[in-house]
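Student: Before we talk about this protein, I would like to see it, and then ask you to justify the words you use for it.

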Amino acid sequence: MAIDLKILHPELAVEVSGIDLRKPLEADVLAELKSTLARYPVLVFHDQKLSDNEHAAFTRCFGSIDAGLTLASKRKQRLKNTDVIDLANIDGDGKVLDAANARNVSLLANQLWHSDSSFKSPRAQYSVLCGVDLPGEGGDTEFADQRAAYDALSQAMKVRIEPLVAEHSAFHSRGLLGGADFTPEGMAALPPVDWPIVNTIPESGRKSLFIGVHTREIRGMATAEARLLLLDLLEHATQRDFVFRHVWHNDDVVMWDNRCTLHRGRPYDLSKLRELRRCTTEYIAA
Ligand code: OGA
Ligand code: MN
């Protein structure tokens, strides 16, 4: 085996060592990472100081790059490599953003359970998040296993949700937090999309829930009934047994499968710098 694995959560997360993510990936190592992801959808790597180009090159081994919300944001790009999504809570001069700043609201929406780019078509497959400069205390990231959550539903609930399709919108979470920095043109560029609530992961054949804060309607259901069902499913899907929490150190890289996990950031002191960068691949179902 070319890489070493240490189990961090019995079904959800492993630490991967014996690999340098700055170097081009050998085909056998890539295959091993993919098969590891099929079993453990969260991978943790330590001490990987990646340039933006190395970060994007590693991510591209897994698929074409998803630009996330960059299209809709008014913010000027701070990073040269547009494949890399800037998650630093700073403005153009490097000053930490005020908590009330609209850009910060958008970042804070990452503290709500979600799957990256579930509001787009194609949606996301893998995300690769690099911890550049972390605040030291708080600001952990949690992941919830949506295959385990699906398996633990009652048979009646499995039957009820099997045919359901949910509408996902990028702006629902921002609305919940009081609004953010999107232009009408930006919002028009990202109309809501529909995804089935139950998803099968081709690599493992396992069924998984596909919900989170971007869901705001269920097709053919009254809004109130749909939102209550979505909230109940989310509560079920994020029980502690299904959750792994990553405590960041600078130069950690965490990679996950957005098709079968939800994730969220945890609170931190908003006056402190927190800088992460993310690259994400698109999921194009066969
Ligand atoms: C993300 C995200 C959570 C965090 O990068 O997609 O949701 O803890 N991050 O910053
Ligand atoms: Mn995210």
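Tutor: Let us start with Gly68, which is placed in the loop between strand E4 (65-66) and strand E5 (85-86), where helices (H or I, at least four residues) and strands (E, at least two) are DSSP runs numbered from the N terminus. This is a predicted model, in which local features need pLDDT of at least 70 and side-chain atom pairs count only at pLDDT 80 or more, while totals for chains, interfaces and linings use all residues. Residues are numbered from 1 along each chain as its sequence is written, chains are lettered from A and ligands numbered from 1 in the order in which they are written, and side-chain values use heavy atoms, with hydrogens and water left out.

Student: Why is Gly68 called buried?

Tutor: Buried means under 20% relative accessible area, exposed means over 50%, and partly exposed lies in between (1.4 Å probe, protein chains only). Gly68 has a relative accessibility of 3%, so Gly68 counts as buried. Its C-alpha atom is separated by 20 Å from that of Ser51, 17 residues apart along the chain.

Student: What makes Arg264 count as buried?

Tutor: Arg264, in strand E15, has a relative accessibility of 16%, and therefore counts as buried. The C-alpha atoms of Arg264 and Glu26 are separated by 31 Å, with their positions 238 residues apart along the chain.

Student: How do you know which residues are the protein donors of the manganese ion (ligand 2)?

Tutor: Donors are N, O and S atoms within 2.8 Å of the metal (3.2 Å for Na, K and Ca), and since water is not among the atoms, sites may look incomplete. The protein donors of the manganese ion are His114 (NE2), Asp116 (OD) and His263 (NE2), lying 2.1 Å from it. Along the chain these donors follow the spacing H-x1-D-x146-H. Asp116 and His263 link distant parts of the chain, 147 residues apart, with Asp116 in the loop between H3 and strand E6 (123-133) and His263 in strand E15.

Student: Are Asp116 and His263 buried or exposed?

Tutor: Asp116 has a relative accessibility of 3% and so counts as buried, and His263 is buried as well, with a relative accessible area of 5%.

Student: What makes an empty space a cavity, and how many are there?

Tutor: On a 1 Å grid over the protein atoms alone, a cavity is a set of points where a 1.4 Å probe fits but cannot get out, whereas a pocket is an open set with protein on both sides within 12 Å along at least five of seven lines; lining residues have an atom within 4 Å of a point. A search of the whole structure finds 1 cavity of 30 Å³ or more. About 240 Å³ of space lies in the largest cavity, a volume being the space filled by probe spheres set on the points, which are joined across faces, edges and corners.

Student: Which residues and elements line the largest cavity?

Tutor: The lining has 18 residues, of which Leu87, Asn110, Gly265, Arg274 and Leu276 lie nearest the centre of the cavity. Helix H3 (102-108), strand E15 (261-265) and strand E16 (275-283) are the elements that give two or more residues to this lining, and E15 gives the most, with 3 residues.

Student: What is known of the second largest pocket?

Tutor: The second largest pocket has a volume of about 290 Å³. Its lining consists of 15 residues, of which Leu176, Gly212, Val213, Leu231 and Leu234 lie nearest its centre. Helix H6 (170-176) and helix H8 (223-237) each supply at least two lining residues, and the largest share, 4 residues, comes from H8.

Student: Why is Cys130 not called part of a disulfide?

Tutor: A disulfide is a pair of cysteine sulfur atoms within 2.5 Å. The closest cysteine sulfur to that of Cys130 is in Cys279, 7.2 Å away, which is too far for a bond. Cys260 is in no disulfide either, the nearest cysteine sulfur, that of Cys279, being 20 Å away. By this rule the count comes to 0 disulfides. Cys130 is also buried, with a relative accessible area of 7%, and Cys260, at 2% relative accessibility, counts as buried.
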